[in-house]
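Work through the exercises below with the sequence and the model open. Try each task before reading its solution.

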Amino acid sequence: MSAQAQPSGTGSVDVSAACQPDIGAGRVADEPALLELRGATLSRGAAHLVENLNLQIRRGQVWTVLGENGAGKSSLLAAMVDYLPLSAGDVLLLGKPLRQFSSMARARLLSWLPQHEPDTLSVTVLERVMLARHPFVDSFFRDEQNDVDAAEFALADVGLAGYENRFVRQLSGGERRRVSLAACLAQTTPLLLLDEPLSALDLRHQQLLVSRFRQLAEQGAAVVWITHDPNQALIGSTHVLLLMGEGRYVAGSVEEVLNARLLSEAYRTEVRELDADGTRFFYIPPALPRSGAGDAALSDAVSASPSDHSAVAPERPTS
């Protein structure tokens, strides 16, 4: 059964304090979570993607969402912004139902980078990023200097200083992705929801943006982002939501969730962990036995009972 729609309107919702660009690193006592999922259940056709997920995303946190293709990562992020409906449960923004916020009020609190974006209009890089400033614009007939400054600062943040007058359509795929990321940064919201923000980026710019996510959290924002690389989560996140399939999940700190056993189960392939001079990283061995003792060892590894923070059943069928 679908969740009941919440009444629209923003008469009693005050977002002015939460959406200041200078967020600050401190957390106010008893402050509600920036975003909360209560009993969130998400299905797609007959597939159960997430079942009864309870999650709080607070200032200073970077949440990485991991899981194999089709596990529901993008759908869950879209549900967090009410682009897709939950099958059951609620999404709260600052402790209030998300649907009580107007689209303008939401845009001052959260920015969303979808996995796929339509082909851009024939606009310059600066014009594209300036569109993200619309929640704060007093006049549509002139650009305020503080909006231009925010856009230019965001472009420099993603390594695109000097690209302001280039046309977006003339850029490479990775450069276009960084323009979209700059738009999210220019929106100066306390919450960023980013669906595969590092896709098409080279190694240097991946490292740059992962570091930037941590900086945003240290300044008091919160970031939720999707990646396919658990090693990026190791260096760039405080928390992990690992989608296990069939509605199951594991949620907790990086130390609690990221281990070879849970990753092997989630991705249905053997994942190993190495420690090199105190630095952890995960890898998939180049050759995986497909029968005999190898399968038995892998089955034993991924069917071990999870720790008490997990919502995972002890066994999972293999493909």
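The exercises cover salt bridges and one helix in a predicted model.

**Exercise 1.** Decide whether R38 and E36 form a salt bridge, and state how buried or exposed each residue is.

Solution.
- Step 1. Apply the cut-off: a side-chain nitrogen of Lys or Arg must lie within 4 Å of a carboxyl oxygen of Asp or Glu.
- Step 2. The closest N and O atoms of R38 and E36 are 3.0 Å apart, and the pair forms a salt bridge.
- Step 3. Check exposure. R38 has a relative accessible area of 46% and is partly exposed. E36 has 13% and is buried.
- Step 4. Put the pair in context: the count by this rule is ten salt bridges.

**Exercise 2.** Find which parts of the chain are linked by the pair E68 and R268.

Solution.
- Step 1. Confirm the contact. E68 and R268 meet through their side chains in a salt bridge, 2.9 Å from N to O.
- Step 2. Place each partner. E68 sits in the loop between β3 (62–66) and α1 (73–80). R268 sits in the loop between α9 (260–267) and β11 (272–276).
- Step 3. Read the separation. The partners are 200 residues apart, and the pair links distant parts of the chain.
- Step 4. Add exposure. R268 is partly exposed, at a relative accessible area of 38%.

**Exercise 3.** Work out what the salt bridge between R106 and D82 ties together, and which residues share its network.

Solution.
- Step 1. The N to O distance between the side chains of R106 and D82 is 3.7 Å, and they meet in a salt bridge.
- Step 2. R106 belongs to helix α2 (residues 103–107), and D82 to the loop between α1 and β4 (88–93), so the bridge ties together parts 24 residues apart in sequence.
- Step 3. Buried means under 20% relative accessible area. R106, at 18%, therefore counts as buried. D82, at 24%, counts as partly exposed.
- Step 4. Look for shared partners. Salt bridges that share them join D82, R99 and R106 into one network.

**Exercise 4.** Check the length of helix α5 (residues 173–186), then describe its surroundings.

Solution.
- Step 1. At 1.5 Å a residue, the 14 residues of α5 should span 20 Å.
- Step 2. Compare with the model. The end C-alpha atoms are 20 Å apart, which agrees.
- Step 3. Assess cover. Twelve of the 14 residues are buried, so α5 is mostly covered. Among them are E175, R177 and R178.
- Step 4. Find the neighbours. The buried residues of α5 pack against β6 (110–113), α3 (125–130), α4 (145–157), β7 (191–194) and α6 (203–218).
- Step 5. Look just past the helix. T188 takes a positive phi of about 50 degrees.

Technical notes:
Residues numbered from 1 in each chain as written. Predicted model: local features only at pLDDT ≥ 70, side-chain atom pairs only at ≥ 80, totals over all residues. Heavy atoms only, no water. Buried < 20%, exposed > 50% of the residue type's maximum accessible area, 1.4 Å probe, protein only. Helix = DSSP H or I, 4+ residues; strand = E, 2+ residues; numbered from the N terminus. Expected span 1.5 Å × (residues − 1). Contact = heavy atoms within 4.5 Å.
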